[in-house]
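Here's a quick tour of a two-part topic: charges and rings, then surfaces. Have the structure open as you read.

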Amino acid sequence: MLVIRRKTGESLLIGEDIEIEVIDVSPSRVKLGIKAPGTVPILRKEIRLAAEQNRQAARSITAASIEAVVARMTRL
Amino acid sequence: MAVAETAHFGAIDYAEESVVEFPQGIPAFETERRFLLIQRESSAPVVFLQSLQHPDLLFLTLPVRIVEPAYSGCIASEDLDRLGLSADRQPEEGREVLTLSLLTIGQDNAVTANLMAPVVINLATRRAIQSVQPDSGYAVAVPLRWDGLKGKEA
(Lines give C-alpha, C1' and ligand atoms only; values in the text may rest on other atoms or scores of the structure.)
Protein backbone atom coordinates (compact mmCIF):
# COMPACT_ATOMS: atom_id res chain seq x y z
CA MET A 1 0.00 0.00 0.00
CA LEU A 2 1.31 3.46 -0.87
CA VAL A 3 1.00 5.83 2.08
CA ILE A 4 1.00 9.57 1.34
CA ARG A 5 0.42 12.57 3.56
CA ARG A 6 -1.75 15.36 2.19
CA LYS A 7 -2.92 18.63 3.66
CA THR A 8 -6.30 20.22 3.11
CA GLY A 9 -6.51 21.44 -0.46
CA GLU A 10 -3.86 19.04 -1.77
CA SER A 11 -4.61 16.34 -4.34
CA LEU A 12 -3.62 12.91 -5.54
CA LEU A 13 -3.69 11.79 -9.16
CA ILE A 14 -4.43 8.13 -9.92
CA GLY A 15 -3.82 7.04 -13.51
CA GLU A 16 -4.76 9.58 -16.17
CA ASP A 17 -8.35 10.15 -15.17
CA ILE A 18 -8.72 10.16 -11.41
CA GLU A 19 -8.08 12.95 -8.93
CA ILE A 20 -8.68 12.85 -5.19
CA GLU A 21 -8.63 16.12 -3.28
CA VAL A 22 -8.56 16.53 0.49
CA ILE A 23 -11.32 19.08 1.08
CA ASP A 24 -11.45 19.13 4.87
CA VAL A 25 -9.76 17.41 7.77
CA SER A 26 -11.14 17.09 11.31
CA PRO A 27 -9.93 14.92 14.20
CA SER A 28 -12.25 12.05 13.34
CA ARG A 29 -13.03 12.47 9.68
CA VAL A 30 -11.58 13.49 6.33
CA LYS A 31 -13.68 14.94 3.52
CA LEU A 32 -12.53 13.86 0.09
CA GLY A 33 -13.52 15.14 -3.33
CA ILE A 34 -13.16 12.65 -6.18
CA LYS A 35 -13.03 13.44 -9.88
CA ALA A 36 -13.33 10.36 -12.05
CA PRO A 37 -15.05 9.26 -15.27
CA GLY A 38 -18.65 8.15 -14.72
CA THR A 39 -17.63 4.65 -15.76
CA VAL A 40 -15.37 4.23 -12.74
CA PRO A 41 -17.33 2.94 -9.74
CA ILE A 42 -16.57 4.69 -6.47
CA LEU A 43 -17.78 2.86 -3.43
CA ARG A 44 -17.33 3.06 0.31
CA LYS A 45 -15.51 -0.13 1.17
CA GLU A 46 -18.11 -1.33 3.64
CA ILE A 47 -20.81 -1.15 0.95
CA ARG A 48 -18.80 -3.58 -1.20
CA LEU A 49 -18.44 -5.83 1.86
CA ALA A 50 -22.18 -5.71 2.50
CA ALA A 51 -22.87 -6.41 -1.20
CA GLU A 52 -20.63 -9.49 -1.19
CA GLN A 53 -22.23 -10.82 1.97
CA ASN A 54 -25.74 -10.19 0.61
CA ARG A 55 -24.91 -12.12 -2.57
CA GLN A 56 -23.51 -14.97 -0.54
CA ALA A 57 -26.54 -14.97 1.74
CA ALA A 58 -28.97 -15.11 -1.19
CA ARG A 59 -27.00 -17.89 -2.91
CA SER A 60 -26.90 -19.91 0.31
CA ILE A 61 -30.68 -20.16 0.61
CA THR A 62 -31.85 -23.44 -0.92
CA ALA A 63 -34.74 -25.75 -0.09
CA ALA A 64 -32.31 -28.08 1.68
CA SER A 65 -30.49 -25.41 3.66
CA ILE A 66 -33.74 -23.73 4.76
CA GLU A 67 -35.12 -27.04 5.94
CA ALA A 68 -31.97 -27.87 7.88
CA VAL A 69 -31.81 -24.47 9.60
CA VAL A 70 -35.51 -24.23 10.45
CA ALA A 71 -35.50 -27.79 11.79
CA ARG A 72 -32.60 -26.90 14.07
CA MET A 73 -34.38 -23.76 15.31
CA THR A 74 -37.58 -25.55 16.15
CA ARG A 75 -35.75 -28.37 17.89
CA LEU A 76 -34.52 -25.93 20.53
CA MET B 1 -55.41 -10.09 -0.64
CA ALA B 2 -52.85 -10.52 -3.41
CA VAL B 3 -50.95 -13.61 -4.47
CA ALA B 4 -47.16 -13.88 -4.70
CA GLU B 5 -45.33 -16.53 -6.68
CA THR B 6 -42.41 -17.85 -4.67
CA ALA B 7 -39.91 -20.61 -5.32
CA HIS B 8 -39.85 -21.82 -1.73
CA PHE B 9 -43.41 -21.29 -0.49
CA GLY B 10 -45.24 -21.76 -3.79
CA ALA B 11 -48.13 -19.35 -4.45
CA ILE B 12 -48.99 -17.46 -1.26
CA ASP B 13 -51.68 -14.99 -0.31
CA TYR B 14 -50.49 -11.83 1.33
CA ALA B 15 -51.83 -8.54 2.64
CA GLU B 16 -50.23 -5.21 1.77
CA GLU B 17 -49.27 -4.74 5.45
CA SER B 18 -46.75 -7.55 5.04
CA VAL B 19 -44.99 -5.77 2.19
CA VAL B 20 -41.77 -3.95 2.95
CA GLU B 21 -40.41 -1.33 0.51
CA PHE B 22 -36.71 -0.75 0.04
CA PRO B 23 -36.52 2.58 -1.88
CA GLN B 24 -32.91 1.85 -2.90
CA GLY B 25 -32.89 -1.93 -2.62
CA ILE B 26 -29.88 -3.32 -0.74
CA PRO B 27 -26.21 -3.55 -1.83
CA ALA B 28 -25.90 -6.04 -4.74
CA PHE B 29 -29.71 -5.99 -5.12
CA GLU B 30 -30.35 -2.31 -5.76
CA THR B 31 -33.33 -2.96 -8.05
CA GLU B 32 -35.13 -5.24 -5.58
CA ARG B 33 -37.61 -2.83 -4.00
CA ARG B 34 -40.50 -4.89 -2.68
CA PHE B 35 -40.25 -7.79 -0.25
CA LEU B 36 -42.77 -9.79 1.67
CA LEU B 37 -42.11 -10.23 5.38
CA ILE B 38 -43.03 -13.82 6.26
CA GLN B 39 -43.18 -15.08 9.82
CA ARG B 40 -44.63 -18.51 10.56
CA GLU B 41 -45.02 -20.37 13.84
CA SER B 42 -43.50 -23.45 12.22
CA SER B 43 -40.27 -21.60 11.50
CA ALA B 44 -40.13 -19.07 14.35
CA PRO B 45 -38.09 -17.03 15.10
CA VAL B 46 -36.90 -16.87 11.50
CA VAL B 47 -38.24 -13.90 9.52
CA PHE B 48 -38.20 -14.53 5.78
CA LEU B 49 -37.74 -11.69 3.29
CA GLN B 50 -39.25 -12.88 0.02
CA SER B 51 -38.73 -10.76 -3.09
CA LEU B 52 -42.01 -9.87 -4.80
CA GLN B 53 -40.09 -9.26 -8.02
CA HIS B 54 -38.14 -12.53 -8.24
CA PRO B 55 -39.73 -15.73 -6.92
CA ASP B 56 -36.35 -17.33 -6.26
CA LEU B 57 -34.88 -14.47 -4.24
CA LEU B 58 -35.36 -15.22 -0.57
CA PHE B 59 -33.42 -14.09 2.49
CA LEU B 60 -33.55 -15.70 5.91
CA THR B 61 -33.20 -13.31 8.81
CA LEU B 62 -33.39 -13.21 12.59
CA PRO B 63 -34.27 -10.21 14.74
CA VAL B 64 -30.91 -8.80 15.91
CA ARG B 65 -31.62 -9.24 19.61
CA ILE B 66 -32.09 -12.94 19.04
CA VAL B 67 -28.65 -13.19 17.45
CA GLU B 68 -27.05 -10.86 20.01
CA PRO B 69 -29.19 -9.99 23.08
CA ALA B 70 -26.95 -7.03 23.90
CA TYR B 71 -26.96 -5.73 20.32
CA SER B 72 -26.68 -1.99 20.08
CA GLY B 73 -25.95 -0.54 16.69
CA CYS B 74 -26.09 3.07 15.66
CA ILE B 75 -28.12 3.99 12.58
CA ALA B 76 -26.48 6.90 10.76
CA SER B 77 -28.53 10.10 10.37
CA GLU B 78 -28.57 9.73 6.58
CA ASP B 79 -30.10 6.28 7.04
CA LEU B 80 -32.64 7.61 9.57
CA ASP B 81 -33.59 10.26 6.96
CA ARG B 82 -33.96 7.59 4.31
CA LEU B 83 -36.24 5.68 6.67
CA GLY B 84 -38.36 8.76 7.28
CA LEU B 85 -37.41 8.77 10.96
CA SER B 86 -36.23 11.59 13.17
CA ALA B 87 -32.46 11.97 12.87
CA ASP B 88 -31.95 13.27 16.40
CA ARG B 89 -32.25 9.95 18.21
CA GLN B 90 -32.11 6.19 17.67
CA PRO B 91 -35.55 4.64 17.08
CA GLU B 92 -37.02 2.21 19.59
CA GLU B 93 -36.51 -1.42 18.63
CA GLY B 94 -39.76 -3.35 18.40
CA ARG B 95 -41.93 -0.26 18.59
CA GLU B 96 -40.70 2.06 15.85
CA VAL B 97 -38.42 -0.27 13.92
CA LEU B 98 -37.76 -3.95 13.39
CA THR B 99 -34.04 -4.66 12.96
CA LEU B 100 -33.14 -7.90 11.21
CA SER B 101 -29.87 -9.71 10.66
CA LEU B 102 -29.45 -11.42 7.27
CA LEU B 103 -28.33 -15.04 7.55
CA THR B 104 -25.84 -16.91 5.39
CA ILE B 105 -25.93 -20.70 5.45
CA GLY B 106 -22.52 -22.27 4.93
CA GLN B 107 -20.92 -25.67 4.85
CA ASP B 108 -22.66 -28.28 6.98
CA ASN B 109 -25.50 -25.78 7.40
CA ALA B 110 -23.44 -23.60 9.71
CA VAL B 111 -25.19 -20.24 9.95
CA THR B 112 -23.68 -16.77 10.19
CA ALA B 113 -25.58 -13.57 10.86
CA ASN B 114 -24.77 -10.13 9.48
CA LEU B 115 -24.63 -7.74 12.44
CA MET B 116 -22.53 -5.10 10.67
CA ALA B 117 -25.27 -4.23 8.17
CA PRO B 118 -28.72 -4.98 9.58
CA VAL B 119 -31.95 -4.47 7.69
CA VAL B 120 -33.99 -1.81 9.48
CA ILE B 121 -37.74 -1.57 8.85
CA ASN B 122 -39.82 1.47 9.81
CA LEU B 123 -42.82 -0.32 11.34
CA ALA B 124 -45.23 2.57 10.76
CA THR B 125 -44.53 3.04 7.06
CA ARG B 126 -42.99 -0.34 6.07
CA ARG B 127 -40.07 1.51 4.50
CA ALA B 128 -36.77 -0.35 4.90
CA ILE B 129 -33.05 0.01 4.28
CA GLN B 130 -29.91 -1.95 4.96
CA SER B 131 -28.01 0.16 7.46
CA VAL B 132 -24.29 -0.45 6.82
CA GLN B 133 -22.41 0.36 10.03
CA PRO B 134 -18.65 -0.19 9.57
CA ASP B 135 -17.83 1.44 12.93
CA SER B 136 -20.27 -0.61 14.99
CA GLY B 137 -17.66 -3.18 15.93
CA TYR B 138 -19.91 -5.99 14.72
CA ALA B 139 -18.92 -8.41 11.97
CA VAL B 140 -20.61 -9.13 8.68
CA ALA B 141 -20.66 -12.89 9.36
CA VAL B 142 -21.09 -13.68 13.05
CA PRO B 143 -21.41 -17.44 13.74
CA LEU B 144 -24.83 -18.16 15.19
CA ARG B 145 -24.72 -19.54 18.72
CA TRP B 146 -27.48 -22.14 18.70
CA ASP B 147 -27.45 -22.70 22.45
CA GLY B 148 -28.07 -18.99 22.88
CA LEU B 149 -31.29 -19.23 20.88
CA LYS B 150 -32.97 -21.74 23.17
CA GLY B 151 -36.38 -20.55 24.28
CA LYS B 152 -36.10 -17.23 22.44
CA GLU B 153 -39.27 -15.60 21.23
CA ALA B 154 -39.29 -13.67 17.97
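How many salt bridges does the structure hold over all chains? Keep in mind that this is a predicted model. The count comes to nine over all chains.

Here are three of the pairs, side by side.

| Salt bridge | N to O distance |
|---|---|
| E19(A) and K35(A) | 4.0 Å |
| R34(B) and E21(B) | 2.9 Å |
| E96(B) and R95(B) | 3.7 Å |

Take the chain A pair to start with. E19(A) bonds with K35(A) in a salt bridge, and the two sit in distant parts of the chain: E19(A) in strand β2 (residues 18–26), K35(A) in strand β3, 16 residues apart. E19(A) is partly exposed, at 23% relative accessible area, while K35(A) is exposed, at 55%.

Over in chain B, R34(B) and E21(B) meet through their side chains in a salt bridge. R34(B) belongs to strand β4 of chain B and E21(B) to strand β3 (residues 19–21), so this pair ties together parts that are 13 residues apart in sequence. R34(B) is partly exposed with a relative accessible area of 25%, and E21(B) is partly exposed with 33%.

What about E96(B) and R95(B)? They belong to a network of salt bridges that also takes in R89(B) and E92(B). E96(B) is buried, at 15% relative accessible area, whereas R95(B) counts as exposed at 53%.

On to the rings. There are five aromatic pairs over all chains. In one of them, the ring centres of F9(B) and F48(B) are 5.0 Å apart and the planes stand at 85 degrees, so the pair is edge-to-face. F9(B) is in the loop between β1 (2–6) and β2 (10–14) of chain B, and F48(B) is in strand β5 (residues 47–51), so the pair ties together parts 39 residues apart in sequence. F9(B) counts as buried at 15% relative accessibility, and so does F48(B) at 2%. F35(B) and F59(B) make a tilted pair, 6.2 Å centre to centre with 45 degrees between the planes. Both are buried, and they join F22(B) and F29(B) in one aromatic cluster.

Now for the surfaces. Between the chains, 23 residues of chain A contact 35 residues of chain B. The buried area is about 2,400 Å², with carbon and sulfur atoms giving 75% of it. How many salt bridges does the rule find across the interface of chain A and chain B? Zero.

Chain A also has a nonpolar surface patch of about 480 Å², made by V25(A), V30(A), L32(A), I34(A), V40(A) and I42(A). Strand β3 (residues 29–35) gives the largest share, three residues. I42(A) sits in the loop between β3 and α1 (45–60).

Key
Residues are numbered from 1 along each chain as its sequence is written. Chains are lettered from A and ligands numbered from 1 in the order in which they are written. This is a predicted model: local features need pLDDT of at least 70, side-chain atom pairs count only at pLDDT 80 or more; totals for chains, interfaces and linings use all residues. Side-chain values use heavy atoms; hydrogens and water are left out. Patches are made of residues with over 30% relative accessible area and no salt bridge: like charges are joined within 9 Å, nonpolar side chains (Val, Leu, Ile, Met, Phe, Trp, Tyr) within 5 Å. Accessible areas come from the Shrake-Rupley method with a 1.4 Å probe; for residues, only the protein chains shown count as cover. Helices (H or I, at least four residues) and strands (E, at least two) are DSSP runs, numbered from the N terminus. Rings of Phe, Tyr and Trp (its six-membered ring) pair if their centres lie within 6.5 Å; planes under 30 degrees apart count as stacked, over 60 as edge-to-face and the rest as tilted. Buried means under 20% relative accessible area, exposed over 50%, partly exposed in between (1.4 Å probe, protein chains only). Contact means heavy atoms within 4.5 Å. Buried area is the accessible area (1.4 Å probe) that two parts lose on being put together, summed over both.
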